[in-house]
Amino acid sequence: MIPSPLQKPDVTLSLTLSPSSVSGPASTTRETPEGRGIRLIELLLKCANHASTPGANDLDRADACLSQISALASVSGDSMQRLAAHFASALATRLLIRRWPGIYRAVNHTRRCRFPVVDDIDSAARALFSQAFPYLSFAYAIIARTLLQVMTHERVVHLVDLGSGDPKLWVPLLRSFARLSNGPPHLKVTCVSSNRTVLEKLGHRLVKEAEVLDLPFQFIPLNVAAQDLTPGLLQIRTGEALAFISILNLHALLADDDDDHHRFNASYDGKRLNTFLLMIRSMSPKALFVVEQEADHNSSRLVDRFVDGLHYYSAVFDSIDATFGSTGITSEQAEGRIMVEEMFGREIENMVAYEGLDRVERHERFSRWALRMTRAGFRSVRMWYNSDEDAKQMVGAFGKEGYKIVSDRTSMMICWHDRPLYAVTTWTS
């Protein structure tokens, strides 16, 4: 049995193992999955501790740990082996960046030249993730029902997508607005994305859908990054009911120089995020929907975010196994699993290997987001739900066990078993 993703390892023990426990050769024979999983966790935590302060001795010790991890981990093994392979790769990248930045830049430059379509690969992986897993589907359903309640009596509705560009969000939304009992409003959708291909595909799909539905509709593509958005670009008209939707994007605005003020002030907002939120609030939206990872990956201490990352992504990889299977799967299922796991591997690499403005995967928990939103002048809106039974029906409709939706007055948590993975919240100015 693979160690449960909900069982947190004893960090103190793992980080104070005797030298012989991590310096000897890794045994790959007669190793049970449970024993191998525990061994991998111990080695990963030990390596993270060395990689956080890479002096000459620490570098040698981290290298020794990585050699042992490589003998135990595998991108085609069980979920713990695959997870360990991605975390080990991230630690190796960190060591290169910190110790030999010139070598890293040279190697990474040639890799980028060989693979110039990373954005398209990532978009394809996110589309597969949205299709194969219910996390975003649950979030979209919650947003749609809440949005319809908020906009029921509005005649001109302007919705701004802050970077998702996912047809699985927008096509059902258009259909829901078209079916309103008092008639559909004039619907404007502005999609903000730095990926022109995403904008073109979404625009084409939604315009065709609106024609079939006979829905008064306007699609406005904005080929800019979310942080470069301004009120002038949105061209908001008098009488429009405005709402913003952010799907797994706001945390990137927390990227900061990680100066001393941030290192010693855990509640530091981040200048870019605060400026962005104040700009959104200045347009008086009826609603701002936020979906974010429910994790704590923004500590200035590598070991802290590394430990939480192990807990978080072990639950994610466990749910990947439940969807694609771990053994006896088809080549198509294997390719899909690899694509999705590599997408999460890029998140892990960014969280572990990078610092400062280059570290954009700064996931934080709902409690921290609530503090920031309140400081920016937003008030929470009660999410749509009639009862826990409605949430159970939504999960049951997906047809697979292990997923849960936990709700309260201000948030809805989408969970794998008892581990919250995504938080959905609504705010108003």
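How close do the axes of helix α9 and helix α10 come, and at roughly what angle do they cross? Let's begin there and then look at other parts of this predicted model.

## Helices α9 and α10

Helix α9 covers residues 167-178 and helix α10 covers residues 196-213; their axes come within 10 Å and cross at roughly 20°. Angles under 35 degrees count as roughly parallel, and α9 and α10 are therefore roughly parallel to each other. Their crossing is right-handed.

If you would like to find this contact in the structure, start on α9 with P167, W170, V171, L174, R175 and A178. These meet L202, R205, L206, E209, A210 and L213 of α10. By residue type, the contact of α9 with α10 has 9 nonpolar residues, 3 charged ones and no polar ones.

## Helix α3 beside α5

Next comes helix α3 and its neighbour α5, which spans residues 79-99. The axes of α3 and α5 come within 10 Å and cross at roughly 15°, so the two helices are roughly parallel to each other. Here α3 passes α5 in a left-handed crossing.

On the α3 side, the contact is made by R36, G37, L40, I41, L44, C47, A48, A51 and S52. On the α5 side, look for M80, Q81, A84, F87, A88, L91, R94, L95 and R98. The residues of this contact divide into 12 nonpolar, 3 polar and 3 charged.

## Helix α3 beside α14

Helix α3, residues 33-52, also has a pairing with helix α14, residues 302-324. Their axes come within 9 Å and cross at roughly 155°. Angles over 145 degrees count as roughly antiparallel, which is why α3 and α14 are described as roughly antiparallel to each other. The crossing of α3 past α14 is right-handed.

From α3, the residues making this contact are L44, L45, A48, N49, A51 and S52. From α14 come L302, V303, F306, V307 and L310. The contact of α3 with α14 includes 9 nonpolar residues and 2 polar ones, with no charged residues.

## Cavities inside the model

How many cavities of 30 Å³ or more does the model have? The count comes to 2, and the largest cavity has a volume of about 50 Å³.

You can locate the largest cavity by its lining: V290, V291, E292, E364, F366, W369, A423 and T425. Three elements each supply at least two of these residues, namely β5 (287-293), α16 (366-375) and β9 (419-428). Strand β5 gives the most, with 3 residues. In character, the lining divides into 5 nonpolar residues, 1 polar residue and 2 charged residues.

Definitions and conventions: Residues numbered from 1 in each chain as written. Predicted model: local features only at pLDDT ≥ 70, side-chain atom pairs only at ≥ 80, totals over all residues. Heavy atoms only, no water. 1 Å grid on protein atoms, 1.4 Å probe; cavity = no way out; pocket = protein on both sides within 12 Å on 5 of 7 lines; lining within 4 Å. Points joined across faces, edges and corners; volume = space filled by probe spheres on them. Helix = DSSP H or I, 4+ residues; strand = E, 2+ residues; numbered from the N terminus. Nonpolar A, V, L, I, M, F, W, Y, C, P; charged D, E, K, R; others polar. Axes fitted to C-alpha atoms, helices over the stretch in contact; angles between N-to-C directions. Parallel < 35°, antiparallel > 145°, perpendicular 65-115°, else oblique. Left-handed = near helix turned anticlockwise from the far one by under 90°. Contact = heavy atoms within 4.5 Å.
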